Amino acid sequence: MPHSEPTPYPVGLHKLAFGGDYNPEQWPEEVWHEDVRLMREAGVTMVSVGIFSWALLEPEQGTYDFGWLDRLLDLLHVNGVRADLGTPTVVPPAWFYRAHPEALPLSRDGVRLAFGSRGAICHSSAPYRVAAANITEQLARRYANHPALAMWHVHNEYGVPVSACYCDNCAAHFRRWLTARHGSVEAVNEAWGTAFWGQRYRSLDDIDPPRTTPTVGNPAQQLDYARFADATMRENFTAERDILHRLAPGIPVTTNFMTALSQCDSVDYWAWGREVDLVTNDHYLITDGRRTHVNLAMAADLTRSVAGGGPWLLLEHSTSGVNWQPRNPAKRPGEMARNSLAHVARGSEGAMFFQWRQSRRGAEKFHSAMVPHAGTDSRIWREVSALGAGLGLLEDVRSTRTVADVAMLWDWQSWWAQRLEWRPSEEHDARERADTFYASLYDQHLTVDFAHPDADLSGYPLVVVPALYLATEESGRNLRRYVENGGTLVVSYFSGIVDTDDAVHPGPYPGAFRDVLGLTVEEFSPLGEGGTVRLITPEGAPEGPELTGDVWSDVVIPRGAETVWAYADGIPAGRPAVTRNRLGEGTAWYISTRLSGPGLDTVLARAAADAGIEPRTGLPYDVEVVRRTGDTGSYLFVINHSDAEADVALDAPGTELLTGEPAVDKLAVPAGAVRVVRLDG
């Protein structure tokens with residue numbers, strides 16, 4: 001019988017998870033037996049099933065066909081493959097929309113989206129909620145005790161492709177949400193600043209969603225609507241989760257996140273991470289010229305942080321190219337394994353893919369899969385099988401935790417607020433700042449935890465804040481306590497500016513962070529297109545390198561902070577550009593322009609020295625070194641993304657698990673390869 005409480009791991013899975021989305025309904029049933037034979041050959045331990053199957057499971061309202069799913073789950077069980085069983089609520093059937101066309105989402109411009117894709121859902125729709133709860137209950141009652149069941153997978157990628165609907169049902173729901181959040185129409189007027197442009201409301205009934213307006217709409221209303229849309233999706237998730245907990249106790253419930261800032265921007269994953277039993281994530285390489293392996297590492301670190309540093313699982317990535325970007329290159333030989341093991345290094349309890357067998361029809365028929373159109377006589381299949389064998393050798397890594405060196409503050413709601421219209425410069429981009437700060441720390445071989453601005457930061461010697469436009473007074477006090485107690489803080493420009501309602505904090509910028517930084521900002525001075533500013537060490541200070549900033553500058557007034565670099569030109573010429581404030585036992589740095597590359601590296605290295613973090617010299621560029629530790633030991637992952645062999649010094653001897661070779665003093669890692677050393681002692 002199932003346990004009374006859900007576990008944080010897939011039930012019955014005693015190895016790292018390896019497999020992918022399995023959609024057997026796309027194939028004749030005789031293919032299923034070939035599939036499970038190949039799954040055994042490749043070392044597959046778990047597959048995700050039923051995610052898009054509502055129309056097959058309930059072909060008419062109240063009429064069910066579970067026979068094919070019964071046979072599939074029985075077949076998986078006999079062959080030793082666990083099932084991550086989906087509730088198919090991301091794709092309501094055609095019959096549902098025929099009966100409830102109002103459940104299709106309405107765009108901000110008043111366009112009703114049509115059936116024929118996926119995720120076309122108004123999450124405020126009462127008929128949708130009833131139908132979703134019903135199919136979830138039917139699945140739970142039928143399969144709660146099935147021996148193949150390892151985990152429940154609710155819906156699919158909430159927030160993609162649609163998070164917000166602007167219909168009248170949503171308007172009524174939004175008013176109820178505003179009542180719960182603010183309490184009264186007077187409080188809404190105060191929070192939204194409706195005295196501006198004569199927007200004052202006399203009744204909550206007068207409030208609609210922020211639909212398209214003649215010019216810029218109320219930013220606080222738009223921010224609240226983003227919160228409402230996120231909370232409404234989460235309500236639907238928790239409704240399904242609670243049904244599954246009640247009818248299938250002991251089985252963990254998840255939904256697949258998309259934490260990479262390049263992939264989903266409408267979900268507050270700090271809030272969602274508290275609602276799932278096991279955090280899972282989907283990640284796909286973005287081929288827009290950025291260093292893809294750095295984006296991957298960042299997404300993995302962010303997912304682990306959403307999981308509170310505990311177990312999480314990569315539920316989807318690709319074996320090779322995808323099909324939904326403007327250009328979809330194949331992965332190079334060995335890249336799939338590097339991607340997979342980089343996620344494991346940063347805390348994932350396995351590596352799953354979309355999908356098992358490449359589709360012949362539909363929108364994703366050119367998306368790579370574990371079994372490609374080329375079949376088993378292909379490079380992809382050989383690499384899939386080799387990866388399955390490799391993951392099988394890393395079983396003891398399960399339940400260990402990734403060791404981080406520094407923390408980066410990130411808040412999705414602050415990102416939503418910053419992206420609203422009419423900010424000082426359209427070139428300032430919170431995602432760009434986060435990516436750039438992360439890349440600098442990555443290149444200094446520092447492993448990053450992400451943290452909410454109100455989190456306990458006492459365990460980190462260094463905390464960086466690349467973009468936190470919205471910050472509460474409590475967040476400011478939290479950072480002040482952190483620095484006073486000995487921490488080192490680095491804050492980038494346009495942070496601490498507004499409160500939770502997008503209202504500028506009283507007094508000078510940077511609002512919530514004035515005290516900890518020991519300065520005020522008299523005026524923002526964004527640069528023109530292509531403009532730059534030079535930063536030099538001030539007269540009488542030790543000589544340092546000249547730095548170059550772009551996009552932004554501030555007119556900074558020190559209030560106790562010392563000037564480390566000053567502006568040599570531009571409107572703030574002669575004034576501080578980078579400052580350092582000693583406060584209690586710690587220090588707080590402020591960067592008032594956009595620094596990148598060597599310039600940002602220089603400042604962060606100085607801050608790291610303040611924090612007592614030793615420079616990690618001797619590690620090659622684009623070679624990751626990440627450690628996981630736990631009851632079973634300490635494991636060093638060395639991932640070589642470069643085209644040359646890398647030699648990495650070891651702190652202790654050990655055994656390389658993928659080859660079985662001893663590792664003493666120094667580890668040689670071939671170009672493009674991964675090595676995992678279980679350290680002795």
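What share of the 681 residues in the protein chain is buried? In this predicted model, buried residues make up 59% of them. Here buried means under 20% relative accessible area, a cut-off worth keeping in mind for the helix and strand discussed below.

Let's begin with the chain as a whole. The C-alpha trace spans about 80 × 75 × 45 Å along its principal axes. The chain holds 17 helices and 28 strands. Its radius of gyration is 26 Å, close to the 26 Å that the globule rule gives for 681 residues, so the chain is as compact as a globular protein of that length. Turning to contacts, if you take those with a separation of 6 or more, 74% of them link residues 24 or more positions apart. The accessible surface comes to about 26,400 Å², and carbon and sulfur atoms account for 50% of that area.

Now to the sheets, starting with a parallel one. Here 9 strands form an open sheet, and their order is 5-4-3-2-1-9-8-7-6. Its edges are strand 5 (253-254) and strand 6 (256-257), each of which pairs on one side only. Inside that order, you can look at strand 8 (residues 312-316) and strand 9 (residues 348-353), which pair in the parallel sense over 2 bridges. To find this pairing in the model, start at leucine 314, whose bridge partner in strand 9 is alanine 351.

An antiparallel sheet comes next. It is also open, with 6 strands in the order 10-22-23-28-25-26. Strand 10 (401-402) and strand 26 (662-663) stand at the edges with a single partner strand each, so one side of each is left without a neighbour in the sheet. Within this sheet, strand 23 (residues 633-640) runs antiparallel to strand 28 (residues 674-679), and 6 bridges join the two. A handy landmark is phenylalanine 637, which stands opposite valine 676 in strand 28.

Strand 20 deserves a stop of its own. This strand is mostly covered, with 7 of its 8 residues buried. Strand 19 (residues 562-567) runs antiparallel to strand 20 and is joined to it by 4 bridges; in that pairing, glutamate 562 has arginine 580 as its bridge partner. Strand 20 is also antiparallel to strand 21, this time through 6 bridges. In strand 21, glycine 586 is the bridge partner of leucine 583. Strands 20 and 21 make a hairpin with 2 residues between them, where glycine 584 takes a positive phi near 60°.

From this hairpin we can move to helix 15, since strand 20 (576-583) and strand 21 (586-591) are among the elements that its buried residues pack against. Helix 15 (residues 473-484) has 12 residues and reaches 16 Å from its first C-alpha to its last, close to the 16 Å expected at 1.5 Å a residue. Which of its residues are buried? They are Ser475, Gly476, Asn478, Leu479, Tyr482 and Val483. Seen down the axis of helix 15, these buried residues fall within an arc of 160°, so they line one face of the helix. Besides the two hairpin strands, their packing partners include strand 11 (406-409), strand 13 (462-465), strand 14 (488-492) and helix 16 (514-517). Following helix 15 you will meet glycine 486, whose phi is positive, near 115°.

Methods. Residues numbered from 1 in each chain as written. Predicted model: local features only at pLDDT ≥ 70, side-chain atom pairs only at ≥ 80, totals over all residues. Heavy atoms only, no water. Expected span 1.5 Å × (residues − 1). Buried < 20%, exposed > 50% of the residue type's maximum accessible area, 1.4 Å probe, protein only. Arc of directions from axis to C-beta. Contact = heavy atoms within 4.5 Å. Rg over C-alpha atoms; globule rule 2.2 N^0.38 Å. Areas by Shrake-Rupley, 256 points an atom, 1.4 Å probe, with all protein chains shown as cover. Pairing = 2+ DSSP bridges.
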